[in-house]
Amino acid sequence: MLKINKVDKIKGRIRVPGDKSISHRAVMLSGISKGKGIIEGFLRGEDCYRTIACFRGLGVEIEDRGSQIIVQGKGLQGLEEAKDVLDAGNSGTTMRLLSGILAGQEFLTVVTGDDSLRKRPMDRIAVPLRKMGAMIEGRDRGSLAPLVIRGGGLQGMDYTPPVSSAQVKSAVLLAGLYAKGETVVREGVTTRDHTERMLKALGANITAEKGKVSLGKSQLEGTAIQVPGDISSAAFFMAAAAAKPGSQLRIRGVGLNPTRTGIIDVLREMGAAIEIDNITESGGEAAGDIIIQGKKLRGIHITGEIIPRLIDEIPVIAVIAAMAEGKTTITGAQELKVKESNRITSMVTEMKKLGMKVEELPDGMEIEGGSTITGGRVKSYGDHRIAMAMAVAGLFARDSVKIQNSACIGVSFPDFEQTVKQVTSHGV
Ligand SMILES: O=C(O)C1=C[C@@H](OP(=O)(O)O)[C@@H](O)[C@H](O)C1
Ligand SMILES: C=C(OP(=O)(O)O)C(=O)O
């Protein structure tokens, strides 16, 4: 259980752990490249360790040297049939991207996950991967894990996913590495493009224009990959500092890929003072320091094209919206229902317990600003983003907020509690 108390200000200079999306992709793509992949800044969270375990299960040698993860790439054709079931744990990214790669392998693999992951929809990847030629079976008529995959003999295709999802786009592109002919993925609203950027950095024959990614016959060459800090982890501290007048926080080395920076745009629209400094670039991914000054924020309407650019940040945005002036409406965010928990219901239920005025909408929520957060016991639903969003609520609450089952935070931010201590004098 994590207990968080109110603080007056958020202050200091911090770093956040490596980007989760990029860490997964670094292990997966290095594993199917020729030569060595040297990964720095890797996220030491449960989800990314699952990706390492799955690739070890497929015969890839992966060495943990502390500051670096060394992957001895097997090339596109070098993976081996796993001797046992692969377990993606709580990680949707692991299961969905891995399935794309497995669709290209002639051997049989069974992939499972924890209670949460076995409830999340897998038909969104199974349907296109079957169209390309893979055999994929699963529970509930092939739509739920455990998934049984026998791949090989793939044909490229031109695919427009029915949902905005980087995981679906990535699964199809990774299968495309093994397909005859070109693979094209189109999307109306751009989702995170880390797969495209990393494939390009590793030498793939890939072109991306607005709304369309095309991949032709490719070979991948292992290289050094620098993982920037995760803006989705930084978001908890950005939001807390932005909403607390008098706060002053610098978060160093955070990934600034434009498909991920919706949180900066939203906080600015709410009235926050945010600056970017020390911009660098590596492997096609920008990073920099984010500097936040606390202000009184105002409510806004969040919808449309920005949603995929801040999908994982919505729980914490909802919390600070309760402290802003006026109403905040979030719509077009129905994807939140199929994350580690139903993040609309989880947030609305737990925010209400703490006295916040919030109502559930079919595709989002409506939050009345100016709440007094009371304090008390809340549930995490085993969902790391809910646990951390509730911790941020604790920083504003009259009495302590106690988050039950908070160990799930280790999925993406193992040092969360220490980082809270770093930016507060009496926060934990
Ligand atoms: O591709 C990725 O690394 C991710 C994509 C998003 O999921 P969807 O593709 O389901 O939107 C996001 O919510 C998840 O945390 C990570
Ligand atoms: C949705 C998330 O991750 P995944 O889909 O990989 O489980 C998340 O980290 O918020």
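In the predicted model, Arg385 is placed in helix 12, which spans residues 384-394. Arg385 counts as buried because 31 C-beta neighbours fall inside 10 Å, the threshold for burial being 20 or more. Apart from neighbours within four places in sequence, Arg385 is in contact with Asp312, Pro315 and Arg343. Arg385 and Arg343 are both included in the UniProt annotation "binding site", taken from an unreviewed entry, which also covers Lys20, Gly92, Arg120 and Gln167.

Arg120, another of the annotated positions, is found in the loop that links strand 7 (108-112) to helix 4 (123-132). Arg120 has 18 C-beta neighbours inside 10 Å and therefore counts as partly exposed. When residues up to four places away in sequence are not counted, Arg120 touches Gly92 and Val338. Gly92 is itself covered by the "binding site" annotation of the unreviewed UniProt entry.

The annotated positions can be set beside the surroundings of the two ligands. Around ligand 2 are Lys20, Asp47, Ser91, Gly92, Thr93, Asp312, Lys339, Glu340, Arg385 and Ser412. By class, this shell contains no nonpolar residues, 4 polar residues and 6 charged residues. Domain 1 (2-18 + 229-423) and domain 2 (20-226) each supply at least three residues to the shell around ligand 2. Asp312, a contact of Arg385, is among the residues of this shell.

Ligand 1 is surrounded by Ser21, Thr93, Ser165, Ala166, Gln167, Ser170, Arg192, Ile311, Asp312 and Glu335. Thr93 and Asp312 thus appear around ligand 1 and also around ligand 2. The shell around ligand 1 consists of 2 nonpolar, 5 polar and 3 charged residues. Its largest share, 3 residues, is contributed by helix 6 (residues 166-176). Ligand 1 lies between domain 1 (2-18 + 229-423) and domain 2 (20-226), because both domains give residues to its shell. Gln167, one of the residues around ligand 1, is also covered by the UniProt "binding site" annotation.

The division of the chain assigns residues 2-18 and 229-423 to domain 1 and residues 20-226 to domain 2. The C-alpha centres of domain 1 and domain 2 are 28 Å apart. Across the boundary, 23 residues of domain 1 are in contact with 28 residues of domain 2. On the domain 1 side, the residues touching domain 2 comprise 6 nonpolar, 11 polar and 6 charged. In the unreviewed UniProt entry, the feature "domain: Enolpyruvate transferase" is placed at residues 5-419. Over residues 5-419, helix accounts for 30% of the chain and strand for 26%, with the end C-alpha atoms 14 Å apart.

For the chain as a whole, 13 helices and 23 strands are assigned. The C-alpha atoms fill a box of roughly 60 × 45 × 40 Å along the principal axes. A compact globule of 428 residues would have a radius of gyration near 22 Å, so the 21 Å of the chain agrees with that expectation. Of the 428 residues in the chain, 55% are buried. Among contacts between residues at least 6 apart in sequence, 74% join residues at least 24 apart.

How values were computed:
Residues numbered from 1 in each chain as written. Chains lettered and ligands numbered in written order. Predicted model: local features only at pLDDT ≥ 70, side-chain atom pairs only at ≥ 80, totals over all residues. UniProt positions renumbered as here; feature names shortened; annotations may be inferred. Helix = DSSP H or I, 4+ residues; strand = E, 2+ residues; numbered from the N terminus. Domains from an automatic or database assignment. Contact = placed C-beta atoms within 7 Å. Nonpolar A, V, L, I, M, F, W, Y, C, P; charged D, E, K, R; others polar. Near = placed C-beta within 6 Å. Rg over C-alpha atoms; globule rule 2.2 N^0.38 Å. Buried ≥ 20, exposed ≤ 12 C-beta atoms within 10 Å, placed from the backbone.
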